[in-house]
Amino acid sequence: MINLYALSEDELADLLVSWGQPRFRAKQVWKWIYDRGVTEFGEMSNLPRALRELLSARASLGVLSVATEQVSRDGTVKRLYRLADGQLIESVLMPYNDKRRTACISSQAGCAMACAFCATGQMGFARHLSEAEIFEQAQRFSAELRARGERLSNVVLMGMGEPFHNYDPVLAAIRRLMSDLGIGARHITVSTVGLVPRIRRFADEGLQVKLAISLHATRDAERSASMPINRRYNIAELIDACREYVDKTSRRITFEWALIDGKNDTVAEAHRLGRLLRGLKCHVNLIPLNPTHGYDGRPTGADQADAFIDALAEHGVPATIRVRRGIDIDAGCGQLKSTLLKKARPQA
Ligand code: SAH
């Protein structure tokens, strides 16, 4: 079976020509797939029946199969996909009250970065995803939305995995989000733990794609304790790379900060963060911790979060609290998979 989602429009044309079809058929098939969001060859009504049958026999639309899906009260859809080799990955679709429809997709099965508070980090690394596996997660949501007259507007690479640890497939998939799904570069965000050489490389790509850095601490001892990558690239090196990125691209950088009660949410910590980021063109995204089974920490309350924002403001550093979505359906990174595996384990 040939996965059509893995082909460019030119490659699709070559394939159809090799089957003795006229080249223009590729444009028709392409439109059905990407403009109309059709997922069955039988629905491609302007194709000759013989071609539809050939496609059904020899080609597939995607390789991911849905293992489980949950829909939150707030409309968030969380999906666990099974890959061809049995690995499980998560994707989330978040509808907002405006027309925004944001997909959160995975770049790896598991993750090697081992961040203590992260459900995926607690699982360890299984493998990198291919360009096609990354792209298909967005394409699936895009197709479903198009089929009902909506469109996928934003994509964030904040699902399972460290995108910059799987750099080339991630960048290739991002380029396809732009060219094939029509998602604007400014509506795509890649999030990293802080792989410094890859941040530098990303600055040279000449893309308008947004960059987010998971910071979570201002002092090396604390950051290294919860984010092992900090032992390789410390905070000073990371912030240097961020300053270079902003100088080179003139783009604003986002810093992610999981607010953990009593740990990194004090006003003193906010002032340290303010001093660290002072003068850097940036925005701080505060995310109250999503509790996970492998980490003993609780989310910060609203009042403390407000005090944190006020302290940052004194340094001219803008910050907002990210509304937690899908909290009733384990929509935090890696959580659906952990829950599924726990249920699957036989009771002692
Ligand atoms: N590996 C990338 C992207 C995946 S995680 C990265 O680390 O940036 C996306 C964001 O969710 C990161 O900022 C990560 O630190 C954060 N995160 C992970 N687990 C979390 C949790 N339990 N609660 C709140 N935020 C979490």
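1. Ala 302 is exposed, with a relative accessible area of 56%. Exposed means over 50%, buried under 20%, and partly exposed in between, using a 1.4 Å probe and protein chains only. Ala 302 sits in helix H11. Its C-alpha atom is 52 Å from that of Met 1, and 301 residues separate the two along the chain.

2. A word on the basis. This is a predicted model: local features need pLDDT of at least 70, side-chain atom pairs count only at pLDDT 80 or more, and totals for chains, interfaces and linings use all residues. Residues are numbered from 1 along each chain as its sequence is written, and side-chain values use heavy atoms, with hydrogens and water left out. Helices (H or I, at least four residues) and strands (E, at least two) are DSSP runs, numbered from the N terminus.

3. The sheet comes next. It is open, has 10 strands and shows mixed pairing. The strand order is E3-E4-E5-E6-E9-E10-E11-E12-E13-E14. Strands E3 (65–71) and E14 (319–321) are the edges, and each pairs on one side only. Two strands pair if DSSP finds at least two bridges between them. The twist averages 20° from one strand to the next. Helix H11 (residues 302–313) packs on this sheet and touches E12, E13 and E14. The direction of H11 makes about 165° with that of E14.

4. At the E3 edge, E3 and E4 (residues 77–82) run antiparallel, joined by 6 bridges. Val 66 stands opposite Tyr 81 in E4. The hairpin of E3 and E4 has 5 residues between the strands, and Gly 75 there takes a positive phi near 95°.

5. Strand E12 (residues 253–259) runs parallel to E13 (residues 282–288), with 7 bridges between them. E12 also runs parallel to E11 (residues 210–214), here with 3 bridges. Thr 254 is the bridge partner of Ala 212, and Thr 254 also stands opposite His 283 in E13. Leu 259 has Pro 288 as its bridge partner in E13.

6. Is E12 covered or open? Mostly covered: 7 of its 7 residues are buried. One side carries Ile 253, Phe 255, Trp 257 and Leu 259, and the other carries Thr 254, Glu 256 and Ala 258.

7. The largest nonpolar core has 100 residues. Such a core is a set of buried Ala, Val, Leu, Ile, Met, Phe, Trp, Tyr and Cys residues joined through side-chain atoms within 4.5 Å. Leu 4, Leu 55, Phe 255 and Val 284 have the most contacts inside it. Leaving aside residues up to four places away in sequence, Phe 255 touches residues including Ile 213, Leu 277, His 283 and Val 284. Contact means heavy atoms within 4.5 Å.

8. Helices H7 (residues 196–203) and H9 (residues 235–249) have axes that come within 9 Å and cross at roughly 0°. H7 is therefore roughly parallel to H9, a label for angles under 35 degrees. Axes are lines fitted to C-alpha atoms, for helices over the stretch in contact, and angles run from 0 to 180 degrees between N-to-C directions. The residues of this contact divide into 7 nonpolar, 1 polar and 4 charged.

9. Two backbone points deserve a look. Most residues other than glycine have a negative phi. Ala 114 has a positive phi of about 55° although it is not a glycine. Ala 114 lies in the loop between strand E7 (108–110) and helix H4 (119–123), and is partly exposed at 36% relative accessibility. Ser 250, in the loop between H9 and E12, has a positive phi near 60°.

Definitions and conventions. Parallel < 35°, antiparallel > 145°, perpendicular 65-115°, else oblique. Nonpolar A, V, L, I, M, F, W, Y, C, P; charged D, E, K, R; others polar.
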